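These are my notebook entries on one structure. I wrote them while looking things up, one topic at a time.

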Amino acid sequence: MEMPQNPRGENTLISTQPFVFSSVSPSVENGFDINSPGTKERCHTPLSNGTVLSNTNSPLDSCMQPLCNVTSGKSSPCSEEVKYVSAEGENISCGWGAFAPDCLQFFNTPKGILFFLCMASFLQGMTVNGFINTIITSIERRYDLHSYQSGLIASSYDIAACVCLTFVSYFGGTGHKPRWLGLGVLVMGLGSFLFALPQFTTGHYEVNFSEEFGTCGSSQNVSCTEGTSSLSNYMFVFMLGQFLHGIGATPLYTLGVTYLDENVKSNYSPVYIAIFYTAAILGPAAGYLTGGALLNIYTEIDRPTELTTENPLWVGAWWIGFLGAGASAFLISIPILGYPRQLPGSQRYVVMRVSETHQLKNGSQKTASDPDFGKTVKDLPLSIWLLLRNPTFILLCLAGATEATLIAGMSTFGPKFLESQFSLSASEAATLFGYLVVPAGGGGTFLGGFFVNKFKLRCSGIIKFCLFCTLISLFAVFIFFMHCPNMPVAGVTLKYNGSILPEGSIQLLASCNEKCGCLREIYSPVCGTDNVMYYSPCHAGCSTVSILPKGGKKVYRNCSCIPQHFPYRLGHATAGKCTSSCQRKSLLLVFVFVVILFTFLSSIPALTATLRCVSDRQRSFALGIQWIVVRTLGGIPGPIAFGWVIDKACLLWQNQCGDQGSCYIYQNSAMSHYILIAGIVYKVLGIIFFGSACLLYKPPRGSPDSAVASPPSSSSASENTTDLQEHGSALQTQNSV
């Protein structure tokens with residue numbers, strides 16, 4: 001029996017082999033009489049490409065089920081068992097070459113590949129978005145790097161990804177996707193090993209330190225030398241490691257997504273993709289927690305030190321996490337490399353898929369449905385041109401870029417915002433931000449895919465859902481009208497006598513500390529008994545230091561600048577910032593949670609809409625182009641834009657031998673208002689792009705989204721009508737008929 005012609009030229013089963021039907025005996029299946037007229041009518045209901053209907057019971061069921069498991073004494077398509085022949089007779093068993101034992105076939109399912117891809121995405125998120133962000137300060141201190149150099153190291157990941165995306169998504173999209181994925185994870189592991197290499201090629205980290213350093217009257221000097229240390233040349237090693245991270249992760253979020261989408265029913269594809277991305281979001285949380293714990297271990301693990309973790313000269317064991325990540329990547333790549341080009345039974349989802357490709361005026365989108373399209377470099381310009389002529393795809397890319405800008409900016413500076421608003425330490429702020437991101441980001445990502453599957457949303461409905469989520473998050477952004485008041489800082493926000501200091505006027509020296517010889521280069525904040533924060537123990541006029549037996553907290557005594565609470569006795573101060581008593585803390589955290597939740601809630605639906613609005617053969621390439629746009633317009637400039645905006649709110653800059661360094665103290669009100677402006681601008685742009693995509697989307701003629709009614713023969717093409725109960729013999733695939 002030959003396949004009927006596909007009226008739209010989309011989603012055709014690519015095979016020159018005919019279907020083979022063999023008789024099956026039972027006359028009643030699944031609780032209904034298959035000889036009844038109703039049953040026969042349902043079984044003969046074709047899809048848009050002329051094939052019979054199919055269904056699985058849950059998104060995590062096996063793909064190995066028959067198309068139509070009914071029988072009749074008469075010879076008809078519905079009374080036969082359907083068997084598929086794999087394209088080009090390719091082996092679809094799980095294994096490595098000739099080694100493909102039966103025990104491995106248990107993992108040769110969508111659930112199996114989802115598990116290993118989740119492990120890979122979790123590892124990528126933990127390494128690149130967790131470890132890197134955690135140890136940046138440590139490698140700056142250890143290898144004499146400036147902030148712009150560490151920023152270049154962080155950006156090397158996105159730069160490498162942008163360079164490789166076109167090549168990987170175009171050729172990998174028509175190639176053996178699991179092999180591309182496995183090799184990518186291998187390259188990512190190599191990058192982790194390379195990133196840890198400087199620890200083993202440099203000398204020991206040694207610091208001469210005295211507990212009295214930084215107090216009034218102690219000998220203080222900071223050497224200012226021209227040029228930079230030779231250790232700063234290791235910046236290029238770190239950049240190369242990040243380049244390999246970017247190259248290795250490129251197939252993961254393009255080919256990995258399309259491989260999942262191709263091997264499951266399109267109704268359940270958003271659930272699989274949501275689980276995959278949820279693992280990627282949980283990875284950074286694990287990276288922050290693990291990396292933070294490792295930083296409490298001294299970098300020279302075999303050498304004792306008198307330094308404590310509170311000391312600005314402390315360097316933790318930043319390199320251990322990368323060794324573990326590299327070894328894990330090599331182990332994860334092995335099973336991924338063993339998967340076939342397509343999973344058993346996946347052909348049924350190809351033939352039953354309903355096209356939702358955006359329709360161009362001249363119908364040129366049908367060009368991409370040619371089986372030979374995209375296999376050579378000569379088709380690359382035409383493939384790019386077809387995507388550029390798809391307004392829905394372009395607008396979804398731009399909407400993704402606006403969301404990526406906010407996500408990248410807030411993930412980089414979110415902890416700094418909490419640190420400034422609530423007067424927290426860097427580790428406390430990072431932990432609190434992690435508690436917000438894990439449930440809000442991870443939950444939003446998973447729920448977005450779940451809602452698409454639950455309500456069986458089509459492309460236009462998905463875009464409307466994204467528009468709704470962006471509107472809700474826009475309203476929540478207005479919480480940044482509120483802010484917590486700054487903690488008083490002597491010499492920065494108020495004078496040493498307690499009077500208010502004009503904004504922009506810094507007076508760190510006063511009569512109480514002018515003979516102490518305090519240096520601007522040494523910033524070590526302390527909190528006085530008057531609940532005022534001081535630039536350093538020296539600026540507070542403290543002459544002695546002691547360590548409390550419980551907790552090891554430093555206490556500075558005999559502080560001449562701190563008001564006396566008892567006659568003939570000077571005040572004292574404790575190391576660290578003063579604790580904030582902001583009453584708006586809970587309300588701010590709740591609305592920040594809402595902003596993160598609804599921002600991530602639209603991420604998987606937007607990705608699903610992108611996959612559905614382009615031709616099947618362009619999906620991998622379309623994701624590659626989208627990632628280029630998102631990274632170029634959002635991921636790379638996002639942190640830079642947010643950093644520039646936040647720096648506008650700085651009250652006190654670091655002084656490095658006369659040069660301006662990083663910001664020590666921010667004005668909370670200005671920081672909140674600047675973030676509010678940035679949030680409103682990007683959210684409004686997102687609403688415009690999602691709204692325009694919804695208006696300009698043109699579904700295929702006859703699809704459920706189309707205003708043109710479909711003919712009776714294809715009215716049941718929707719996958720919403722394919723939910724027949726199937727409990728029969730498994731779909732079998734053979735290499736030849």
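**Charges over rings**

I began with arginine 142, whose charged end sits over the ring of tyrosine 143, 5.1 Å from the ring's centre. I keep in mind throughout that this is a predicted model. I then looked up lysine 585, which lies over the face of phenylalanine 422 at 5.4 Å from the ring centre.

**Aromatic rings**

I followed tyrosine 143 further and found that it belongs to one aromatic cluster, together with Phe131, Phe195, Tyr234, Phe238, Trp318 and Phe322. I asked how many aromatic pairs the count comes to. The count comes to 32. One of these is phenylalanine 115 with phenylalanine 116: the ring centres are 5.2 Å apart and the planes stand at 75°, so I entered the pair as edge-to-face. I also checked how far these two residues are covered. Phenylalanine 115 is partly exposed, with a relative accessible area of 49%, whereas phenylalanine 116 is buried at 14%.

**Serine 269**

Is serine 269 buried or exposed? I noted it as buried, because its relative accessible area is 2% and the cut-off for buried is under 20%. Serine 269 is placed in helix 8, which covers residues 269–294. Its side chain makes a polar contact of 2.5 Å with the side chain of aspartate 261. Leaving out residues up to four places away in sequence, I found that serine 269 touches Asp261 and Val264.

**A sheet of five strands**

I looked up an open sheet whose five strands come in the order 6-5-9-8-7, with antiparallel pairing. Which strands are at the edges? They are strand 6 (533–534) and strand 7 (544–547), each of which pairs on one side only. Inside the order, strand 5 (residues 526–528) and strand 9 (residues 571–575) run antiparallel and are joined by three bridges. Cysteine 527 stands opposite threonine 574 of strand 9.

**Disulfides**

I searched the whole structure for disulfides and got six. I took down three of them.

Cysteine 216 and cysteine 516 form a disulfide with the sulfur atoms 1.9 Å apart. The torsion about its S-S bond is about -80°, so I recorded this disulfide as left-handed. The two cysteines are 300 residues apart: cysteine 216 is in the loop between helix 5 (198–201) and helix 6 (235–249), and cysteine 516 is in the loop between helix 14 (459–477) and strand 5. Cysteine 516 is buried, at 7% relative accessibility.

Cysteine 484 is joined to cysteine 582, S to S 2.0 Å. This link is left-handed too, with -80° about the S-S bond. Cysteine 484 lies in the loop between helix 14 and strand 5, and cysteine 582 in the loop between strand 9 and helix 15 (585–601), so the pair ties together parts 98 residues apart in sequence. Both cysteines, 484 and 582, are buried.

Cysteine 542 and cysteine 559 also form a disulfide, with 1.9 Å between their sulfur atoms. I noted 105° about the S-S bond, and the link is right-handed. Cysteine 542 is in the loop between strand 6 and strand 7, while cysteine 559 is in strand 8 (residues 554–559), 17 residues away. Cysteine 542 and cysteine 559 are both buried.

**A cysteine without a partner**

Why does cysteine 103 have no bond to cysteine 94? The closest cysteine sulfur to that of cysteine 103 is in cysteine 94, but it is 9.4 Å away, which is too far for a bond. Cysteine 103 counts as exposed, at 56% relative accessibility. Last, I looked up cysteine 118, which is buried, with a relative accessible area of 12%.

How values were computed. Residues are numbered from 1 along each chain as its sequence is written. This is a predicted model: local features need pLDDT of at least 70, side-chain atom pairs count only at pLDDT 80 or more; totals for chains, interfaces and linings use all residues. Side-chain values use heavy atoms; hydrogens and water are left out. Helices (H or I, at least four residues) and strands (E, at least two) are DSSP runs, numbered from the N terminus. Buried means under 20% relative accessible area, exposed over 50%, partly exposed in between (1.4 Å probe, protein chains only). A polar contact is a pair of N or O atoms within 3.5 Å; within protein, one must be able to donate a hydrogen and the other to accept it, and residues adjacent in sequence count only if both atoms are side-chain atoms. Contact means heavy atoms within 4.5 Å. Rings of Phe, Tyr and Trp (its six-membered ring) pair if their centres lie within 6.5 Å; planes under 30 degrees apart count as stacked, over 60 as edge-to-face and the rest as tilted. A charge sits over a ring if NZ of Lys or CZ of Arg is within 6 Å of the ring centre and within 35 degrees of the ring normal. Two strands pair if DSSP finds at least two bridges between them. A disulfide is a pair of cysteine sulfur atoms within 2.5 Å.
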